[in-house]
Amino acid sequence: MLDLRARLGQLRGQTAPAVVTPDAEWSERLARLRLLARERQGHTPQDTPALPGVELAPGLRLHEVRVSALRLKLAGLDLPDALRPPWDPESTVAIDQLRLFDTETSGLCGGAGLKVFLLGVLRWQGDGWLLRQYLMTSPAAEEALVRAWVDECAGDAHLVSYNGKRFDVPAMRTLETLHGLASRAHEAAHWDLLYPVRRAFRGVWSDCRLVTAERMLVGRERHDDLPGSEAPRAWREFLARGHTRDLLRVMQHNRYDLEALLRVFKAMLQVPASAPRVPVRKGRIPKSKAA
Amino acid sequence: MSLNAVVSDVESSFGAVEPEAPDRVAALVGRLKRKYQGCITAEAVTPAQPGRYQPIPDHLDPRLRAALQSRGIRELYSHQAQAWRVLHEGAHCVIATPTASGKTMCFNGPVLNAALQHEAKALYLFPTKALAQDQVAELMELNRAAELGVRAYTFDGDTPSDARQAVRTKGDIVVTNPDMLHQAILPHHTKWAQFFQSLRFIVIDEVHSYRGVFGAHVANVLRRLQRICDFYGVRPQYICCSATIGNPQQHAQALTGLPMHAICDSGAPRGASHLLFWNPPPINPDLGIRASARSQVSKLARLTLKAGLKAIVFAQSRLMVEVLTKYLKDVFDHDPRKPARVRAYRGGYLPDERRLTEKLMRQGAIDAIVSTSALELGVDIGSLDVALLCGYPGSIAATRQRLGRAGRRQQSALGVMVASSDALDQFVVRNPSYFLDQSPEHARIDPDQLLILLDHIRCAAFELPFTEADRYGERDIREFLEYLSEEGVLHRDGARWHWIDDSYPANAINLRSVADGNFVVVDRTNGKQTIIAEVDYSSAALTLYEGAIYMVQSVPWQVEKLDWVGRKAYVTRTHVDYYTDAIDYTRLKPLAEFGQAQSGEGAAQHGEVHVVRRVTGYKKIRYYSHENIGYGPVNLPDQELQTTSVWWRLSPQAIDREFRTRFEALDGFLGAAYALHTVATLLSMCEPRDLGKAVGSGDNDWSAQVSSKGRGEMRSASGEVLDVNAVAEFAPAVYLYDNYPGGIGLSRPLFERREELLSAAIGLVSGCRCGPGCPACVGPILSGDEQRAPKSSALRVLALLRVPEGAAAERIEFAALPAPGLH
């Protein structure tokens, strides 16, 4: 026993040289982890159609679509020049202040790691709607995207969204902080249609998602739409392998959403704020079909 | 400690002298020494220490000075004054002074001062929610006393979501725990931008509890915090507090990655303390069988309570807490009409139950509390007179922390360390100077543990993109970033790596345990369904098998059904005179080798291994007599673990030459494993459970363990018992492995110090005074087995593995050894 204690005493003072260098060992162990990684897939030309628009900054594309006044009338996309919606009767907003917007993101969980890769904005310019889609083809362009957002929100801009207060605006604000841009974009006036829609139709419709509002208020169904939940995968697919096919469908989905937002907005202008709740009878609740 | 304690103490040092009370602790010590002299192997007395005081420094804000004065504080203890000075000069510091020495005031003073004068913010980290809530209550008291207007809030899982915004923007002091920092604050740092921009102090209390796997996780959370602070352009000062450990400064530096000023000399007064080392009397000296520690502790607790003193009893396992509580309740709580005098406290109890026990202890309503290490941490339970340790806690630091639970400012205290028959306990109790002369162990962490590092690099990349030039800790981590890019989680764009995954990585990483998913214990007695306890994943297989007796406050429930997938155990109330203990065995397969060296007539290797642990059955053990009254089978999934290990093999030629039979050789390997494990625990300064041991063939063909009948037995990979002589190739290996997924950095130093380890193991076994072998050297053996003499077999194995001194060893070609499968 004394022997052990004496030896332990000696041992404490000693250090032995490293036998294996940690970095070399790490490489080997990482290499073993790599074996578990999934196999890469090859790609075909159909996967990579060209992206629309022009490069605004390295990694940021801008795609613009104009809809002229005549076509608006025909398509029912026209709005009065001044708007005073029933859910906000105190305000009067001119049509050219409106910024209808929607984003597509790398996920839904929030936090500093959430990337906004597509920002769609619909605004009135001259005598028609101007639709702008800012697409981030490289995460390095994030700052440029945030600046575009801040510019869109500048002046007397009035935001219109569907669930933008809880999701899109906080996500953009996180990005502003990350890039040290102290803007007041998050303070811009904002009509989030989810709230008036919910007040009027909760318990009447099966849910209050945008696609449901579109179907119930406008009577439109989408057919070839890529579900919004597929957007994160489509963007990663593009970054990893350059596949653009599904990314183009995400851009189309974003345009569908903006058009739906505009139509729901227009329809909601006609729904009195104190809309009487229609009693729901079991078995007659319209079920949502679109994802 | 509570501020009230400081106050009452300061008051008493200025006010009237308390009347001399008869020293009941000294009287108890005298009685024990007279009656049980043969059991006491050592006694140490620490004399009472008067307080040393220094004036409150001039730079203190007058409002804070007034607040302190309104609470009767006109002076500081010398270590408090030193801490204030060091912090005023801008250094980081770690304060390691004994329990109840006023550590809290070391950081509250400077933090409140900075909040008042510069609107500076502070982040407090406590290891548990309960400690955090105590802390805020205390700050608020001081705050109210002088209307300082400083806002301190807890931020934890219980904070309602509508209050979180206020905490983020209005809190001057935010009190939280590492888990919340990891899961809620850092990943959402932009919401906390305002807080981080004014962050001036980071207080980390109980840093000694951040060791091992948990410590490695916390060190990485702090690296991430540092990145966020850099991003917001602040360099906060760190204030760490620690219980007594051997390396407070080095540990705090390892944890934070920053240079620390250490303050270890307490100026707080202390009463005298007595420490007794207690070895239960021998029953059969030849076999090294002694009276059990639990019976001795139970006797000492009875004597303590009968002397009118309050006791805390520390047991080594949750099971032993329940057994000891039952024994004491049988004596003191047999009348159900009276309030309980004895209560149990351990992990697994629901928070409300624990809070209630804490409160009853503080009020002095309980005379004895029986606890696991759960009470080592600074949970405030008031002062106690006597600390009884049932078994050596495995480290000097843990022993001192447990003993430190007894002790009041003006009265003496007693601590008794009662040794069990384990090798480590017997070594310590027979060699008291090992404990008394050594400084406490060093807290060890390995923040660069591969899997933990990878997990936190994920989280860090989510929080802020990495650039080419970024370091994380001290390391270049480009290789990790490339790996994560290949996985599709990161995307490299020029010089930056961006997070592009759709997940929230912190949600998948639990700082406390590696395998996720606690089990809940559901009571189904009388048709109701009530949750009575929670059990962590790693101990579920050992405590919740069907047929197990599960105890809460020593009340037995029987497990009727275990839903492994749903993580639920259904129990019903039962009345039995026994408890149950699991029988398990471990097999092991090497996956890769990092290093190997010749070791005597064999080889020592270090590498990565796959460990499978299986519970095969359980024993029923009767209360008081501790006889084995039956067995039951258990059928549960294997527990798997990939970790790092060090192992030794002997050449088959040497085995054939030196041992008459394979049984003898197997005994030798099992005994050698036992001795090596004991010595490695001491060398690594870790707790015994951190390090696993196993004996097996090395290629997963078979594993060996001591059976319930006390003999070495071999099992095949599928678990059947094998005939030793029926195995074609007999090449046993002894393994010591890190008992955590991915390893925690213990086995590499053991490989590097293998020569010392073997010498020390030989010293342990040959120096033991027993005949054939005993629990103090190669493990327990049963009567009638004296002829097998596992002790001499174990010595032969160890001697063959050691390189002979002086003579150059004959080289053994590794190719000649049966190669363990490297699949």
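Here is a short tour of a predicted model, taking in chain A as a whole, one residue inside it, and two helix pairs in chain B.

**Chain A overall**

Let's start with the broad view. Chain A has 291 residues, and 49% of them are buried. Its secondary structure comes to 9 helices and 9 strands. If you look at contacts in chain A with a separation of 6 or more, 72% of them are between residues 24 or more positions apart. As for the outside, chain A exposes about 14,700 Å², with carbon and sulfur atoms supplying 52% of that area.

**A look at Leu159(A)**

Now zoom in on a single residue. Leu159(A) sits in strand E8 of chain A, which covers residues 158-161. Is Leu159(A) buried or exposed? Its relative accessible area is 2%, so Leu159(A) counts as buried, the cut-off being under 20%.

Which residues does Leu159(A) touch, leaving aside those up to four places away in sequence? Among them are the aromatic-named pair Phe101(A) and Trp149(A), along with Arg99(A) and Cys153(A). Further along the chain, Leu159(A) also touches Ala185(A), Ala188(A), Ala189(A), His190(A) and Trp191(A). Val169(A) is on the list too; Leu159(A) and Val169(A) are 10 residues apart in sequence, and their C-alpha atoms are 9.9 Å apart in space.

**Two helix pairs in chain B**

Over in chain B, two pairs of packed helices are worth a look. Two packed helices are described by the angle between their axes and the distance between the axes. Here are those values for both pairs.

| Helix pair | Angle | Axis distance |
|---|---|---|
| H18(B) (residues 450-463) and H19(B) (residues 478-486) | about 70° | 11 Å |
| H3(B) (residues 62-70) and H6(B) (residues 129-146) | about 105° | 8 Å |

Angles from 65 to 115 degrees count as roughly perpendicular, so H18(B) and H19(B) fit that description. H3(B) is likewise roughly perpendicular to H6(B).

In the H18(B) and H19(B) pair, the crossing is right-handed. H18(B) brings Leu450(B), Leu453(B), Leu454(B), Ile457(B) and Arg458(B) to meet Phe480(B), Leu481(B), Tyr483(B) and Leu484(B) of H19(B). These residues divide into 8 nonpolar, no polar and 1 charged.

What about the other pair? From H3(B), the residues in contact are Arg63(B), Ala67(B), Leu68(B) and Ser70(B), and they meet Leu142(B), Ala145(B) and Ala146(B) in H6(B). The split there is 5 nonpolar, 1 polar and 1 charged.

Conventions: Residues numbered from 1 in each chain as written. Chains lettered and ligands numbered in written order. Predicted model: local features only at pLDDT ≥ 70, side-chain atom pairs only at ≥ 80, totals over all residues. Heavy atoms only, no water. Axes fitted to C-alpha atoms, helices over the stretch in contact; angles between N-to-C directions. Helix = DSSP H or I, 4+ residues; strand = E, 2+ residues; numbered from the N terminus. Parallel < 35°, antiparallel > 145°, perpendicular 65-115°, else oblique. Left-handed = near helix turned anticlockwise from the far one by under 90°. Contact = heavy atoms within 4.5 Å. Nonpolar A, V, L, I, M, F, W, Y, C, P; charged D, E, K, R; others polar. Buried < 20%, exposed > 50% of the residue type's maximum accessible area, 1.4 Å probe, protein only. Areas by Shrake-Rupley, 256 points an atom, 1.4 Å probe, with all protein chains shown as cover.
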